[in-house]
Amino acid sequence: MIEYIKGELTDLTPALATIETGGVGYGLNISLNTYTAIQGKKEVRLYVYESIREDAYVLYGFAGKKEREMFELLITVSGVGTNTARMMLSGMSVSELCNAISTGNARLIQGIKGIGKMTAQRIIVDLKEKIVALGIADEIPAGGQMSAPVNNQVKDEAISALTMLGFSPAPTQKVVLQILQQQPDLAVEQVVKLALKQIK
């Protein structure tokens, strides 16, 4: 399994990035979001999703892990293939897509080419809980509005510690985010202590 490819960006179009590393040029299908993120750079690192079929071996590249996680979630939904998922991530940012899913905004999702009413509703039903559980919806609190950025390292370590203590990821994620939004300078152990009192 390829986790990421790091090397020289030798060719770039809005749909394809070619990265040369170790004398091999890898062609990776990308979204417009990734295209914007790596445009103008000489050295890049793209996280990889491998699509292996009988008739093709295709690599998809993502500027960040969150976009790849969102892509992997989207293709679990019936009726959403790799090209449709890439189209969705070209039409909206990960946070915008999370916002639309968490607030049940099917009309916004339908605005993406190739997404009909039924597919949009299926995406919302299938992924609403998963985007919270996996921590993709970092910036989306319960109300669905964008919030102030939080220290991701502290957040991730606190959630990891609480999960290891036996708490389920979804409520843990929610509580940790609320704590860090109110008190962004807390250390990991302080966040964990406060969360232990709040998680139901």
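Buried means under 20% relative accessible area, exposed means over 50%, and partly exposed lies in between, with a 1.4 Å probe and protein chains only. Tyr-4 falls in the partly exposed class, with a relative accessible area of 40%. The model is predicted: local features need pLDDT of at least 70, side-chain atom pairs count only at pLDDT 80 or more, and totals for chains, interfaces and linings use all residues. Residues are numbered from 1 along each chain as its sequence is written, and side-chain values use heavy atoms, with hydrogens and water left out.

**Figure 1. Overview of the protein chain, with nine helices and five strands.** Helices (H or I, at least four residues) and strands (E, at least two) are DSSP runs, numbered from the N terminus. Along the sequence the elements follow the pattern β-β-β-α-β-β-α-α-α-α-α-α-α-α. The radius of gyration is 18 Å, close to the 16 Å that the globule rule gives for 200 residues, so the chain is as compact as a globular protein of that length. The radius is taken over C-alpha atoms, and the rule is 2.2 Å times the number of residues to the power 0.38. The C-alpha trace spans about 50 × 40 × 30 Å along its principal axes. Of the 200 residues, 39% count as buried. The accessible surface comes to about 10,800 Å², and 51% of this belongs to carbon and sulfur atoms; areas come from the Shrake-Rupley method with a 1.4 Å probe, and for residues only the protein chains shown count as cover. Among contacts (heavy atoms within 4.5 Å) with a separation of 6 or more, 52% are between residues 24 or more positions apart.

**Figure 2. Close-up of the aromatic pair Tyr-4 and Tyr-47.** Rings of Phe, Tyr and Trp (its six-membered ring) pair if their centres lie within 6.5 Å; planes under 30 degrees apart count as stacked, over 60 as edge-to-face and the rest as tilted. By this rule the count comes to five aromatic pairs. The pair of Tyr-4 and Tyr-47 is edge-to-face, at 6.0 Å centre to centre and 70° between the planes. Tyr-4 lies in strand S1 (residues 4–12) and Tyr-47 in strand S4 (residues 43–52), so the pair ties together parts that are 43 residues apart in sequence. Tyr-47 is buried, with a relative accessible area of 11%, whereas Tyr-4 is partly exposed at 40%. The ring of Tyr-4 also has the charged end of Arg-45 over it, 4.8 Å from the ring centre. A charge sits over a ring if NZ of Lys or CZ of Arg is within 6 Å of the ring centre and within 35 degrees of the ring normal. Elsewhere, Tyr-49, Tyr-60, Phe-62 and Phe-71 form one aromatic cluster.

**Figure 3. Close-up of Leu-16 in strand S2 (residues 16–21).** Leu-16 is partly exposed, with a relative accessible area of 34%. Its C-alpha atom is separated by 5.5 Å from that of Ile-30, 14 residues apart along the chain. Not counting residues up to four places away in sequence, Leu-16 touches Asp-11, Gly-27, Leu-28, Asn-29 and Ile-30.

**Figure 4. Close-up of Leu-97 in helix H4 (residues 94–102).** The relative accessible area of Leu-97 is 0%, and the residue is buried. Leaving aside neighbours within four places in sequence, Leu-97 is in contact with Met-70, Leu-74, Met-88, Leu-89, Met-92 and Ile-109. The C-alpha atoms of Leu-97 and Leu-108 are 11 residues apart along the chain and separated by 8.8 Å.

**Figure 5. Close-up of Ala-106 in helix H5 (residues 106–110).** Ala-106 counts as buried at 15% relative accessibility. From C-alpha to C-alpha, Ala-106 and Gln-121 are 5.9 Å apart in space and 15 residues apart in sequence. Beyond neighbours within four places in sequence, the contacts of Ala-106 are Ala-120, Gln-121 and Ile-124.

**Figure 6. Close-up of helix H8 (residues 169–182) and its cover.** The 14 residues of H8 reach 20 Å from first C-alpha to last, close to the 20 Å expected at 1.5 Å a residue; the expected span is 1.5 Å times one less than the number of residues. Buried residues of H8 are Thr-172, Gln-173, Val-175, Val-176, Leu-177, Ile-179 and Leu-180. Their cover includes helix H6 (117–133), helix H7 (152–164) and helix H9 (188–198). Thr-172 is at 0% relative accessibility and, leaving aside neighbours within four places in sequence, is in contact with Ile-159, Leu-162, Phe-167 and Ile-199.
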